[in-house]
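Visitor: I should like to go through this protein with you, one question at a time. Please reason each answer through before giving the value or name.

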Amino acid sequence: MVFGFGKIDIGKVIAFLVSIIILIQIWHIGMLTKHERLTFPNNQKNEGEHGKIRLLISKIENAHVLDSSGSYNIITDIFRHEDSSSTLQNDVTLVSQTSSNNLNDVIALSERWDGAISISVFTHFTDFQFAMNKLIHLHVCFPKIQNRVHFHLVYPLNNDIPLDKLKQNFVSSNCEISMKTFHNQNYEIEGIEYPHNLLRNTAVKFCKTSYVFLIDIDMLPNKYLRKEFNMFVQSFKNDSVVFVVPSFESKDDVAIPIDRTQLLRNWRLKKIRPFYFDVCRKCQRPTDYDQWQYLPDSSHLNIAYFVQRDDVYEPFYIAKKDIPLYDERFKQYGYNRISQVCEINIAGYNFGVLNNAFLIHKGFKYRDGFHKNKEIENNRNRDLFQQFKRELRTKYPNSKRSC
(Lines give C-alpha, C1' and ligand atoms only; values in the text may rest on other atoms or scores of the structure.)
Protein backbone atom coordinates (compact mmCIF):
# COMPACT_ATOMS: atom_id res chain seq x y z
CA MET A 1 0.00 0.00 0.00
CA VAL A 2 1.36 3.41 -1.00
CA PHE A 3 0.47 6.81 0.43
CA GLY A 4 1.83 10.25 -0.10
CA PHE A 5 4.43 9.71 2.59
CA GLY A 6 5.75 6.49 1.12
CA LYS A 7 5.21 2.82 1.85
CA ILE A 8 3.77 1.68 5.21
CA ASP A 9 4.06 -1.89 6.50
CA ILE A 10 0.50 -3.09 7.34
CA GLY A 11 1.87 -5.44 10.01
CA LYS A 12 3.66 -2.60 11.77
CA VAL A 13 0.51 -0.44 11.63
CA ILE A 14 -1.56 -3.19 13.24
CA ALA A 15 1.08 -3.79 15.93
CA PHE A 16 1.18 -0.05 16.64
CA LEU A 17 -2.60 0.16 16.95
CA VAL A 18 -2.70 -2.88 19.24
CA SER A 19 -0.05 -1.25 21.44
CA ILE A 20 -2.15 1.93 21.65
CA ILE A 21 -5.24 -0.10 22.64
CA ILE A 22 -3.28 -1.92 25.35
CA LEU A 23 -1.92 1.35 26.75
CA ILE A 24 -5.44 2.83 26.80
CA GLN A 25 -6.73 -0.23 28.65
CA ILE A 26 -3.88 -0.04 31.19
CA TRP A 27 -4.60 3.67 31.71
CA HIS A 28 -8.32 2.93 32.08
CA ILE A 29 -7.69 0.17 34.64
CA GLY A 30 -5.35 2.49 36.53
CA MET A 31 -7.97 5.21 36.65
CA LEU A 32 -10.58 2.72 37.88
CA THR A 33 -8.19 1.51 40.59
CA LYS A 34 -7.51 5.08 41.66
CA HIS A 35 -11.24 5.78 41.69
CA GLU A 36 -11.82 2.69 43.82
CA ARG A 37 -9.22 3.85 46.32
CA LEU A 38 -10.89 7.25 46.56
CA THR A 39 -14.53 6.12 46.64
CA PHE A 40 -14.10 2.79 48.48
CA PRO A 41 -16.86 0.72 46.83
CA ASN A 42 -17.79 -2.61 48.36
CA ASN A 43 -15.01 -4.72 46.83
CA GLN A 44 -11.37 -3.98 47.61
CA LYS A 45 -12.07 -1.62 50.48
CA ASN A 46 -14.52 -3.99 52.13
CA GLU A 47 -12.12 -6.88 51.76
CA GLY A 48 -9.42 -4.83 53.47
CA GLU A 49 -11.80 -3.93 56.25
CA HIS A 50 -12.98 -7.51 56.67
CA GLY A 51 -9.39 -8.66 56.92
CA LYS A 52 -8.69 -6.17 59.71
CA ILE A 53 -11.90 -7.19 61.47
CA ARG A 54 -10.98 -10.87 61.28
CA LEU A 55 -7.53 -10.05 62.69
CA LEU A 56 -9.06 -8.06 65.53
CA ILE A 57 -11.54 -10.81 66.39
CA SER A 58 -8.76 -13.40 66.36
CA LYS A 59 -6.59 -11.31 68.68
CA ILE A 60 -9.49 -10.74 71.08
CA GLU A 61 -10.35 -14.45 71.09
CA ASN A 62 -6.73 -15.36 71.87
CA ALA A 63 -5.99 -12.52 74.29
CA HIS A 64 -4.05 -13.91 77.22
CA VAL A 65 -1.62 -11.15 78.24
CA LEU A 66 -2.57 -9.60 81.56
CA ASP A 67 -1.19 -6.60 83.42
CA SER A 68 0.81 -7.11 86.61
CA SER A 69 -2.32 -6.89 88.77
CA GLY A 70 -4.19 -9.48 86.70
CA SER A 71 -7.05 -7.02 86.21
CA TYR A 72 -6.74 -6.03 82.54
CA ASN A 73 -6.34 -7.73 79.18
CA ILE A 74 -3.66 -6.28 76.92
CA ILE A 75 -3.49 -6.70 73.15
CA THR A 76 -0.50 -5.01 71.50
CA ASP A 77 -0.28 -3.79 67.90
CA ILE A 78 -3.84 -4.79 67.02
CA PHE A 79 -3.36 -4.34 63.26
CA ARG A 80 0.04 -6.08 63.27
CA HIS A 81 1.91 -4.14 60.64
CA GLU A 82 5.44 -3.05 59.90
CA ASP A 83 6.07 0.65 60.37
CA SER A 84 6.69 2.07 56.88
CA SER A 85 8.12 5.35 58.16
CA SER A 86 11.89 5.75 58.23
CA THR A 87 12.22 4.75 61.88
CA LEU A 88 15.69 3.87 63.14
CA GLN A 89 16.69 2.23 66.41
CA ASN A 90 18.46 5.38 67.59
CA ASP A 91 15.26 7.33 66.98
CA VAL A 92 12.31 8.54 69.06
CA THR A 93 8.77 7.15 69.13
CA LEU A 94 5.85 9.40 70.01
CA VAL A 95 3.84 7.70 72.79
CA SER A 96 0.37 8.41 74.16
CA GLN A 97 -2.80 6.88 75.59
CA THR A 98 -6.51 7.59 75.21
CA SER A 99 -10.07 6.43 75.58
CA SER A 100 -12.04 5.82 72.39
CA ASN A 101 -13.66 9.26 72.69
CA ASN A 102 -10.39 11.06 71.93
CA LEU A 103 -9.16 8.93 69.05
CA ASN A 104 -9.89 11.82 66.69
CA ASP A 105 -6.71 13.46 67.98
CA VAL A 106 -4.58 10.72 66.41
CA ILE A 107 -5.28 12.23 62.97
CA ALA A 108 -3.47 15.48 63.80
CA LEU A 109 -0.66 13.60 65.56
CA SER A 110 0.01 11.45 62.49
CA GLU A 111 0.15 14.59 60.34
CA ARG A 112 2.58 16.39 62.66
CA TRP A 113 4.89 13.48 63.64
CA ASP A 114 6.60 11.71 60.72
CA GLY A 115 7.94 8.72 62.68
CA ALA A 116 6.59 5.82 64.70
CA ILE A 117 3.66 6.44 67.06
CA SER A 118 2.58 4.04 69.82
CA ILE A 119 -0.87 4.56 71.37
CA SER A 120 -2.73 2.55 74.01
CA VAL A 121 -6.52 2.66 73.84
CA PHE A 122 -8.69 1.94 76.87
CA THR A 123 -12.09 0.38 76.30
CA HIS A 124 -14.65 -1.76 78.13
CA PHE A 125 -17.77 -3.85 77.63
CA THR A 126 -20.30 -1.21 76.51
CA ASP A 127 -17.66 0.81 74.63
CA PHE A 128 -15.97 -2.05 72.80
CA GLN A 129 -17.99 -2.02 69.56
CA PHE A 130 -17.69 1.75 69.28
CA ALA A 131 -13.93 1.62 69.87
CA MET A 132 -13.41 -1.11 67.27
CA ASN A 133 -15.45 0.72 64.63
CA LYS A 134 -13.52 3.89 65.30
CA LEU A 135 -10.12 2.17 65.09
CA ILE A 136 -11.07 0.44 61.83
CA HIS A 137 -12.24 3.79 60.45
CA LEU A 138 -8.91 5.44 61.32
CA HIS A 139 -6.86 2.61 59.90
CA VAL A 140 -8.81 2.40 56.63
CA CYS A 141 -9.29 6.09 55.92
CA PHE A 142 -6.00 7.69 56.95
CA PRO A 143 -2.85 6.33 55.24
CA LYS A 144 -0.44 8.07 57.64
CA ILE A 145 -2.16 6.40 60.58
CA GLN A 146 -2.04 3.07 58.80
CA ASN A 147 1.67 3.48 58.11
CA ARG A 148 2.87 5.04 61.37
CA VAL A 149 0.56 4.29 64.28
CA HIS A 150 0.65 1.13 66.40
CA PHE A 151 -2.53 0.76 68.47
CA HIS A 152 -2.76 -1.35 71.64
CA LEU A 153 -5.97 -2.32 73.46
CA VAL A 154 -6.41 -2.44 77.22
CA TYR A 155 -9.72 -3.51 78.79
CA PRO A 156 -10.93 -4.92 82.14
CA LEU A 157 -10.57 -8.66 82.57
CA ASN A 158 -14.06 -9.04 84.05
CA ASN A 159 -15.65 -7.68 80.86
CA ASP A 160 -16.94 -10.53 78.68
CA ILE A 161 -16.74 -9.29 75.11
CA PRO A 162 -19.65 -10.68 73.01
CA LEU A 163 -17.65 -11.74 69.96
CA ASP A 164 -20.61 -12.93 67.90
CA LYS A 165 -22.34 -9.60 68.37
CA LEU A 166 -19.07 -7.83 67.67
CA LYS A 167 -18.71 -9.62 64.32
CA GLN A 168 -22.25 -8.74 63.28
CA ASN A 169 -22.23 -5.07 64.24
CA PHE A 170 -19.10 -3.70 62.62
CA VAL A 171 -19.95 -0.54 60.69
CA SER A 172 -18.39 -0.16 57.24
CA SER A 173 -16.19 2.93 57.17
CA ASN A 174 -17.34 5.84 55.05
CA CYS A 175 -14.25 7.98 54.70
CA GLU A 176 -16.27 11.00 53.63
CA ILE A 177 -17.95 11.19 57.05
CA SER A 178 -16.08 13.01 59.78
CA MET A 179 -15.29 10.92 62.84
CA LYS A 180 -17.05 13.56 64.93
CA THR A 181 -20.34 11.98 63.88
CA PHE A 182 -19.52 9.02 66.11
CA HIS A 183 -20.91 9.26 69.62
CA ASN A 184 -20.40 7.37 72.84
CA GLN A 185 -20.56 8.01 76.57
CA ASN A 186 -17.39 8.78 78.47
CA TYR A 187 -15.79 5.94 80.41
CA GLU A 188 -16.24 7.71 83.75
CA ILE A 189 -20.02 7.45 83.44
CA GLU A 190 -19.61 3.69 83.55
CA GLY A 191 -17.87 3.87 86.94
CA ILE A 192 -14.69 2.28 85.60
CA GLU A 193 -11.31 3.50 86.82
CA TYR A 194 -9.11 4.80 84.02
CA PRO A 195 -5.62 3.19 84.25
CA HIS A 196 -3.43 5.99 82.85
CA ASN A 197 -0.12 4.47 83.87
CA LEU A 198 -0.87 0.96 82.66
CA LEU A 199 -1.75 2.47 79.30
CA ARG A 200 1.45 4.51 79.22
CA ASN A 201 3.63 1.53 80.13
CA THR A 202 1.96 -0.67 77.52
CA ALA A 203 2.66 1.87 74.77
CA VAL A 204 6.26 2.44 75.93
CA LYS A 205 7.11 -1.26 76.18
CA PHE A 206 6.10 -1.82 72.56
CA CYS A 207 8.46 0.84 71.18
CA LYS A 208 11.37 -0.34 69.03
CA THR A 209 13.37 2.90 69.22
CA SER A 210 15.97 3.95 71.78
CA TYR A 211 14.03 7.06 72.83
CA VAL A 212 10.40 7.71 73.69
CA PHE A 213 8.42 10.95 73.88
CA LEU A 214 5.30 10.48 75.99
CA ILE A 215 2.64 13.18 75.65
CA ASP A 216 -1.09 13.66 76.18
CA ILE A 217 -3.23 12.65 73.21
CA ASP A 218 -4.56 16.20 72.69
CA MET A 219 -1.13 17.85 72.34
CA LEU A 220 1.04 18.50 69.28
CA PRO A 221 4.84 18.97 69.13
CA ASN A 222 6.60 21.50 66.91
CA LYS A 223 6.71 20.19 63.39
CA TYR A 224 10.34 19.16 62.92
CA LEU A 225 11.11 18.04 66.46
CA ARG A 226 11.81 14.41 65.57
CA LYS A 227 14.27 15.29 62.81
CA GLU A 228 16.04 17.91 64.93
CA PHE A 229 16.22 15.66 67.98
CA ASN A 230 17.68 12.78 65.98
CA MET A 231 20.44 15.07 64.70
CA PHE A 232 21.12 16.48 68.17
CA VAL A 233 21.21 13.19 70.05
CA GLN A 234 23.81 11.64 67.73
CA SER A 235 26.52 13.59 69.54
CA PHE A 236 24.95 13.52 73.01
CA LYS A 237 26.40 10.78 75.22
CA ASN A 238 24.85 11.29 78.68
CA ASP A 239 22.15 8.67 79.35
CA SER A 240 21.18 10.21 82.71
CA VAL A 241 19.46 13.23 81.12
CA VAL A 242 15.81 13.58 80.22
CA PHE A 243 15.08 16.26 77.62
CA VAL A 244 12.30 18.55 78.83
CA VAL A 245 9.99 19.87 76.11
CA PRO A 246 8.28 23.08 77.32
CA SER A 247 4.51 22.74 77.05
CA PHE A 248 1.94 25.40 76.27
CA GLU A 249 -1.78 25.82 75.65
CA SER A 250 -3.35 27.94 72.92
CA LYS A 251 -6.71 29.56 72.33
CA ASP A 252 -9.06 27.42 70.28
CA ASP A 253 -9.00 29.74 67.26
CA VAL A 254 -5.18 29.89 67.04
CA ALA A 255 -3.30 27.81 64.47
CA ILE A 256 -0.76 25.48 66.07
CA PRO A 257 2.66 27.11 65.57
CA ILE A 258 5.23 25.28 63.49
CA ASP A 259 8.33 26.72 65.16
CA ARG A 260 9.52 28.75 68.14
CA THR A 261 9.27 32.06 66.28
CA GLN A 262 5.56 31.60 65.65
CA LEU A 263 5.00 30.45 69.23
CA LEU A 264 6.74 33.49 70.73
CA ARG A 265 4.72 35.84 68.52
CA ASN A 266 1.42 34.35 69.72
CA TRP A 267 2.68 34.27 73.31
CA ARG A 268 3.30 38.03 73.19
CA LEU A 269 -0.24 38.46 71.82
CA LYS A 270 -1.56 36.39 74.76
CA LYS A 271 -2.98 33.77 72.41
CA ILE A 272 -0.65 31.15 73.90
CA ARG A 273 0.41 30.65 77.52
CA PRO A 274 2.36 28.03 79.55
CA PHE A 275 0.55 24.75 80.08
CA TYR A 276 -1.63 24.47 83.20
CA PHE A 277 -1.28 28.23 83.72
CA ASP A 278 -4.66 28.38 85.48
CA VAL A 279 -5.04 24.77 86.65
CA CYS A 280 -1.68 24.16 88.38
CA ARG A 281 0.97 26.75 87.60
CA LYS A 282 3.47 25.24 90.03
CA CYS A 283 3.26 21.88 88.19
CA GLN A 284 5.22 23.43 85.29
CA ARG A 285 7.05 26.27 87.06
CA PRO A 286 10.51 24.58 87.27
CA THR A 287 10.72 24.63 83.45
CA ASP A 288 11.34 28.39 83.87
CA TYR A 289 9.33 29.81 81.00
CA ASP A 290 10.73 33.32 81.50
CA GLN A 291 14.24 32.06 80.84
CA TRP A 292 13.09 29.98 77.87
CA GLN A 293 11.19 32.91 76.36
CA TYR A 294 14.31 35.08 76.14
CA LEU A 295 16.77 32.48 74.87
CA PRO A 296 18.86 33.67 71.91
CA ASP A 297 17.73 32.39 68.52
CA SER A 298 19.44 29.21 67.38
CA SER A 299 19.17 27.11 64.23
CA HIS A 300 20.06 23.92 66.13
CA LEU A 301 18.29 21.96 68.85
CA ASN A 302 20.23 21.82 72.10
CA ILE A 303 19.88 21.82 75.88
CA ALA A 304 19.44 25.45 76.90
CA TYR A 305 19.75 24.93 80.66
CA PHE A 306 19.14 22.40 83.45
CA VAL A 307 16.43 22.68 86.10
CA GLN A 308 15.76 21.13 89.49
CA ARG A 309 12.65 19.09 90.15
CA ASP A 310 10.32 20.31 92.88
CA ASP A 311 7.39 18.76 94.72
CA VAL A 312 4.74 18.55 91.98
CA TYR A 313 6.77 19.00 88.80
CA GLU A 314 5.33 17.06 85.85
CA PRO A 315 7.10 18.04 82.62
CA PHE A 316 6.77 16.32 79.28
CA TYR A 317 10.11 15.02 78.07
CA ILE A 318 12.03 12.78 75.68
CA ALA A 319 14.00 10.02 77.39
CA LYS A 320 15.68 6.69 76.89
CA LYS A 321 13.17 3.87 76.65
CA ASP A 322 14.70 2.07 79.66
CA ILE A 323 13.83 4.90 82.05
CA PRO A 324 11.79 3.81 85.13
CA LEU A 325 8.20 3.12 84.13
CA TYR A 326 4.99 4.52 85.64
CA ASP A 327 3.48 3.05 88.81
CA GLU A 328 0.28 1.35 87.65
CA ARG A 329 -1.49 1.71 90.99
CA PHE A 330 -2.25 5.34 90.12
CA LYS A 331 -5.60 5.54 88.32
CA GLN A 332 -8.03 8.31 87.46
CA TYR A 333 -6.89 11.88 88.23
CA GLY A 334 -3.84 12.93 90.20
CA TYR A 335 -0.15 12.09 90.75
CA ASN A 336 0.09 9.55 87.92
CA ARG A 337 2.85 11.52 86.14
CA ILE A 338 4.18 13.34 89.20
CA SER A 339 5.07 10.00 90.81
CA GLN A 340 7.13 8.90 87.82
CA VAL A 341 9.01 12.22 87.66
CA CYS A 342 9.69 11.83 91.38
CA GLU A 343 11.22 8.41 90.81
CA ILE A 344 13.47 9.36 87.91
CA ASN A 345 14.77 12.25 90.00
CA ILE A 346 15.70 9.92 92.88
CA ALA A 347 17.14 7.45 90.35
CA GLY A 348 19.66 10.12 89.34
CA TYR A 349 18.28 11.62 86.14
CA ASN A 350 18.77 15.31 85.35
CA PHE A 351 16.27 17.59 83.62
CA GLY A 352 17.64 19.47 80.59
CA VAL A 353 15.30 21.95 78.89
CA LEU A 354 15.47 21.97 75.07
CA ASN A 355 15.72 25.34 73.36
CA ASN A 356 13.70 24.92 70.14
CA ALA A 357 11.25 22.22 71.22
CA PHE A 358 7.69 22.67 72.46
CA LEU A 359 4.28 21.07 72.87
CA ILE A 360 0.92 22.76 72.35
CA HIS A 361 -2.43 21.83 73.88
CA LYS A 362 -5.33 23.09 71.78
CA GLY A 363 -7.50 25.22 74.05
CA PHE A 364 -6.90 26.93 77.40
CA LYS A 365 -7.40 24.71 80.46
CA TYR A 366 -9.36 26.01 83.47
CA ARG A 367 -9.80 24.72 87.02
CA ASP A 368 -13.54 24.25 86.61
CA GLY A 369 -13.16 22.30 83.38
CA PHE A 370 -12.64 18.87 84.96
CA HIS A 371 -15.03 16.08 85.91
CA LYS A 372 -16.90 16.26 89.22
CA ASN A 373 -14.86 13.60 91.09
CA LYS A 374 -11.49 15.19 90.33
CA GLU A 375 -10.78 16.32 93.91
CA ILE A 376 -11.84 13.00 95.45
CA GLU A 377 -9.52 11.13 93.11
CA ASN A 378 -6.70 13.62 93.66
CA ASN A 379 -6.92 13.23 97.45
CA ARG A 380 -6.91 9.44 97.22
CA ASN A 381 -3.87 9.46 94.95
CA ARG A 382 -2.12 11.96 97.21
CA ASP A 383 -2.26 9.37 99.99
CA LEU A 384 -0.91 6.74 97.62
CA PHE A 385 1.86 9.12 96.62
CA GLN A 386 3.04 9.40 100.23
CA GLN A 387 3.27 5.61 100.40
CA PHE A 388 5.03 5.57 97.01
CA LYS A 389 7.71 7.99 98.28
CA ARG A 390 8.39 5.79 101.30
CA GLU A 391 8.84 2.82 98.99
CA LEU A 392 11.34 4.75 96.88
CA ARG A 393 13.64 5.16 99.89
CA THR A 394 13.90 1.37 100.03
CA LYS A 395 14.25 1.01 96.26
CA TYR A 396 17.04 3.60 96.03
CA PRO A 397 18.81 3.40 99.44
CA ASN A 398 21.98 5.13 98.20
CA SER A 399 20.28 8.09 96.54
CA LYS A 400 20.95 11.47 98.14
CA ARG A 401 18.00 13.06 96.40
CA SER A 402 14.60 13.62 97.96
CA CYS A 403 11.16 13.51 96.46
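Visitor: Which residues of helix 8 (residues 225-233) are buried?

Guide: The model is a predicted one. A residue counts as buried when its relative accessible area is under 20%. By that criterion, the buried residues of helix 8 are Leu225, Arg226, Phe229, Asn230, Phe232 and Val233.

Visitor: What arc do they cover around the axis of helix 8?

Guide: An α-helix has 3.6 residues a turn, so residues three or four places apart point the same way. The buried residues of helix 8 lie on the same side of the helix, because the arc that they cover around the axis is only 165°.

Visitor: Which exposed residues does the face turned away from the buried side of helix 8 carry?

Guide: For a residue to count as exposed, its relative accessible area must be over 50%. On the face of helix 8 turned away from the buried side, the exposed residues are Lys227 and Met231.

Visitor: Which helix gives the most to the largest nonpolar core?

Guide: In soluble globular proteins, nonpolar side chains tend to be buried together. Here the largest nonpolar core has 97 residues, and Phe151, Phe213 and Trp292 have the most contacts inside it. Eight residues of this core come from its main contributor, helix 4 (residues 128-141).

Visitor: Which residues does Phe151 touch, leaving out those up to four places away in sequence?

Guide: Phe151 is one of the residues with the most contacts inside the largest nonpolar core. With residues up to four places away in sequence not counted, Phe151 touches Ile75, Thr76, Asp77, Ile78, Phe79, Leu103, Val106, Ile119, Val121, Leu135, Leu138 and Ile145.

Visitor: How many residues does the second, separate core have?

Guide: Among the members of this second core are Ile74, Phe122, Val154 and Leu199. The core is separate, and its number of residues is eight.

Visitor: Which strand gives the most to the lining of the largest cavity?

Guide: A search of the whole structure finds two cavities of 30 Å³ or more, and the largest has a volume of about 140 Å³. Of its 15 lining residues, Val212, Leu214, Tyr317, Tyr326 and Gln340 are the closest to the centre. Two elements give two or more residues to this lining, strand 8 (211-214) and strand 14 (317-320). The most, three residues, comes from strand 14.

Visitor: How many charged residues are in the lining of the largest cavity?

Guide: By class, twelve of the lining residues are nonpolar and one is polar. The number of charged residues in this lining is two.

Definitions and conventions: Residues numbered from 1 in each chain as written. Predicted model: local features only at pLDDT ≥ 70, side-chain atom pairs only at ≥ 80, totals over all residues. Heavy atoms only, no water. Buried < 20%, exposed > 50% of the residue type's maximum accessible area, 1.4 Å probe, protein only. Helix = DSSP H or I, 4+ residues; strand = E, 2+ residues; numbered from the N terminus. Arc of directions from axis to C-beta. Core = buried A, V, L, I, M, F, W, Y, C linked by side-chain atoms within 4.5 Å. Contact = heavy atoms within 4.5 Å. 1 Å grid on protein atoms, 1.4 Å probe; cavity = no way out; pocket = protein on both sides within 12 Å on 5 of 7 lines; lining within 4 Å. Points joined across faces, edges and corners; volume = space filled by probe spheres on them. Nonpolar A, V, L, I, M, F, W, Y, C, P; charged D, E, K, R; others polar.
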